[in-house]
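User: I would like to go through the helix packing and the nonpolar cores of this model, one question at a time. Please reason from the computed geometry to each answer.

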Amino acid sequence: MGLSELLAKYGQTYLDGLFTTWGLTIVSFVFVMALAVLVTVMRVSPFKPLRAVGDLYVQVFRNIPGIALLIIVVYALPMLKLVLDYRTCVIVTTVLLGSSFGSENFMTGINTIQVGQIEAARSLGLSFGKILRRIVVPQALRTTVLPFTNLFIAVMLTTALGSQVPLKPLELTGVVNYVNGQDLGGVLAFLISAVGYVGTAFAIGLVGNHIDKKVRILR
């Protein structure tokens, strides 16, 4: 099957798959960012048990293969009376993986903050929470725009795990499986999906670079 014939027959399916991938990526990344910040706050907390839980979270989820974690979420959680639809399972898996790496990115940003700023804030009587909100979190986010841009792209690629479950509507990689199941799309079927991923990643990179130039802290 040639490229023109493939696009004529499955073009709308690919487009729907691209939109589904975008939707999964955006929703997942919002939760990735929120959970990454929360876990990182735990890891820098003065309360030792919280630090231990935060570090354990990162060590566990950044070292589990995505497909293995997806299997756990899909098949193990129902044993605990927690049944999720396949779309939610893919999002949960992506968030758990992405937030563990996001926390590492965020810790890197925190480590760029000069100790003198923290000491000055403490001398003014600011609490741990206020130091985080007013000094640590804003600066850490500004210095980690590019790492989080890369994480955004990684989150998009991780949503391809949706191809391993009967996800409806199909995401971009799942479309390839569908096309090759209906017709012999071959390499071209993969190439079309690859173009969708590469084009999206390129656009994300441009936006990330633009934001970084706007908010970068010059030291």
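Analyst: Axes here are lines fitted to C-alpha atoms, for helices over the stretch in contact, and angles run from 0 to 180 degrees between N-to-C directions. The model is a predicted one.

User: How are α7 and α9 oriented, roughly parallel or roughly antiparallel?

Analyst: The axes of α7 and helix α9, which covers residues 186–215, come within 9 Å and cross at roughly 160°. Angles over 145 degrees count as roughly antiparallel. The crossing angle therefore makes the orientation of α7 relative to α9 roughly antiparallel.

User: Which class, nonpolar, polar or charged, has eleven residues in the contact of α7 with α9?

Analyst: On the α7 side the contact is made by V145, L146, T149, F152, I153, M156 and L157, while α9 brings residues including Y197, A201, I204, I211 and V215. By class, five residues of this contact are polar and one is charged, and the eleven others are nonpolar.

User: Is the crossing of α2 with α4 left-handed or right-handed, and what is the orientation of α2 to α4?

Analyst: The two helices pack with their axes 8 Å apart, at an angle of about 120°. Residues Y57, V58 and F61 of α2 make the contact with a set of α4 residues, among them V95, L96 and S103. The handedness of the crossing in which α2 passes α4 is left-handed. At that angle, which therefore falls outside the roughly perpendicular class, α2 lies to α4 in an orientation that is oblique.

User: Is A36 buried or exposed, and which residues does A36 contact beyond its neighbours within four places in sequence?

Analyst: A36 is found in helix α1, and its C-alpha atom is separated by 20 Å from that of W22, 14 residues apart along the chain. A36 has 1% relative accessibility, and therefore A36 counts as buried. Leaving aside neighbours within four places in sequence, the residues in contact with A36 are S99, G102 and S103.

User: Which element gives the most residues to the largest nonpolar core?

Analyst: This core has 34 residues, of which L70 and V136 touch the most other members. Seven helices, α1 to α7, are the elements that give two or more residues to the core. With eight residues, the element that gives the most is α4.

User: How many residues are in the other core, which lies apart from this one?

Analyst: Among the members of that other core are L18, L172, V179 and Y197. It lies apart from the largest core, and its number of residues is 16.

How values were computed:
Residues numbered from 1 in each chain as written. Predicted model: local features only at pLDDT ≥ 70, side-chain atom pairs only at ≥ 80, totals over all residues. Heavy atoms only, no water. Core = buried A, V, L, I, M, F, W, Y, C linked by side-chain atoms within 4.5 Å. Buried < 20%, exposed > 50% of the residue type's maximum accessible area, 1.4 Å probe, protein only. Helix = DSSP H or I, 4+ residues; strand = E, 2+ residues; numbered from the N terminus. Parallel < 35°, antiparallel > 145°, perpendicular 65-115°, else oblique. Contact = heavy atoms within 4.5 Å. Nonpolar A, V, L, I, M, F, W, Y, C, P; charged D, E, K, R; others polar. Left-handed = near helix turned anticlockwise from the far one by under 90°.
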